[in-house]
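Me: Please take one part of this protein and look at it closely. I would like a single connected account that starts with that part and then moves to what surrounds it.

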Amino acid sequence: VGNKTTRPIFCIPNKDGTPTDDSSNKKKNDRSLEKVHKEKLTPWLLRNWTNPYPDAYELDMLSQECRSTPKAVAHWMGNQRNRYWRKSLSKAMAMGRPASFLLE
């Protein structure tokens, strides 16, 4: 009762049988996921710049292409819209330019 362990209850071992270090693997997986998302999703985002909201079918197709979950793809898209698309939309509206010029 008084003994507290610092090891996780569920731990998937490495190929050599040693316990995994969850923090380093998570960082490595996050970086590789970011790279895949950037390579696969950025072209879609640029092609659909005037309406960067994938429907359910497109979300499924993009997630399969990235070997990711639809939820992760939706989060990535939301982040990109917040970081880039909304700023360019505001700038274009302030300049009185139509949405088709947002990519310039």
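**A close look at helix α2**

Reply: In helix α2, Tyr-57 and Gln-64 are exposed, on the side of the helix that faces away from its buried residues. The model is a predicted one, and this should be kept in mind for everything below.

The buried residues of α2 are Leu-59, Leu-62, Ser-63 and Cys-66. Looking down the axis of α2, these residues fall within an arc of 100°, so they line one face of the helix. With Tyr-57 and Gln-64 exposed on the other side, α2 has a covered face and an open one.

Next come the two ends of α2. At the start, a side-chain oxygen of Asp-55 comes to within 3.2 Å of the backbone nitrogen of Tyr-57. Just after the helix is Arg-67, where phi is positive, about 55°. Most residues other than glycine have a negative phi. Arg-67 has its positive value although it is not a glycine. Arg-67 sits in the loop between α2 and α3. It counts as exposed because its relative accessibility is 79%, and the cut-off for exposed is over 50%.

What does the covered face of α2 belong to? Leu-59, Leu-62 and Cys-66 are part of the largest nonpolar core, which has 11 residues in all. The other members are Leu-41, Trp-44, Leu-45, Trp-49, Val-73, Trp-76, Met-77 and Trp-85. Helices α1, α2 and α3 each give two or more residues to this core. The largest share, 4 residues, comes from α3. In soluble globular proteins, nonpolar side chains tend to be buried together.

Cys-66 shows what this looks like at one position. Apart from neighbours within four places in sequence, Cys-66 is in contact with Val-36, His-37, Lys-40 and Leu-41. Helix α1 covers residues 22-47, so these four contacts of Cys-66 fall within the range of α1.

Leu-59 gives a view towards α3. Ala-74 is found in that helix. Ala-74 and Leu-59 are 15 residues apart in sequence, and their C-alpha atoms are 7.2 Å apart in space. Ala-74 counts as partly exposed because its relative accessibility is 28%, and partly exposed lies between the 20% and 50% limits.

Gln-80 is another residue of α3. Its relative accessible area is 11%, which means that it is buried, the cut-off being under 20%. Leaving out residues up to four places away in sequence, Gln-80 touches Leu-45 and Trp-85. Both of these residues are in the largest nonpolar core.

Finally, the whole chain. It has 3 helices and 0 strands, and along the sequence the pattern is α-α-α. Of the 104 residues in the chain, 22% are buried. Among contacts with a separation of 6 or more, 50% are between residues 24 or more positions apart. The accessible surface is about 8400 Å², and 55% of it belongs to carbon and sulfur atoms.

How confident is the prediction? The mean pLDDT of the chain is 75, and 62% of the residues score at least 70. Among the elements, α2 (residues 56-66) has the highest mean, 94, and α1 has the lowest, 72. Over residues 7-12 the pLDDT is below 50, and beyond near neighbours in sequence this stretch has 5 contacts in the model.

Notes:
Residues are numbered from 1 along each chain as its sequence is written. This is a predicted model: local features need pLDDT of at least 70, side-chain atom pairs count only at pLDDT 80 or more; totals for chains, interfaces and linings use all residues. Side-chain values use heavy atoms; hydrogens and water are left out. pLDDT is the predictor's confidence in each residue, from 0 to 100. Contact means heavy atoms within 4.5 Å. Buried means under 20% relative accessible area, exposed over 50%, partly exposed in between (1.4 Å probe, protein chains only). Accessible areas come from the Shrake-Rupley method with a 1.4 Å probe; for residues, only the protein chains shown count as cover. The arc is that of the directions from the helix axis to the C-beta atoms. A polar contact is a pair of N or O atoms within 3.5 Å; within protein, one must be able to donate a hydrogen and the other to accept it, and residues adjacent in sequence count only if both atoms are side-chain atoms. A nonpolar core is a set of buried Ala, Val, Leu, Ile, Met, Phe, Trp, Tyr and Cys residues joined through side-chain atoms within 4.5 Å.
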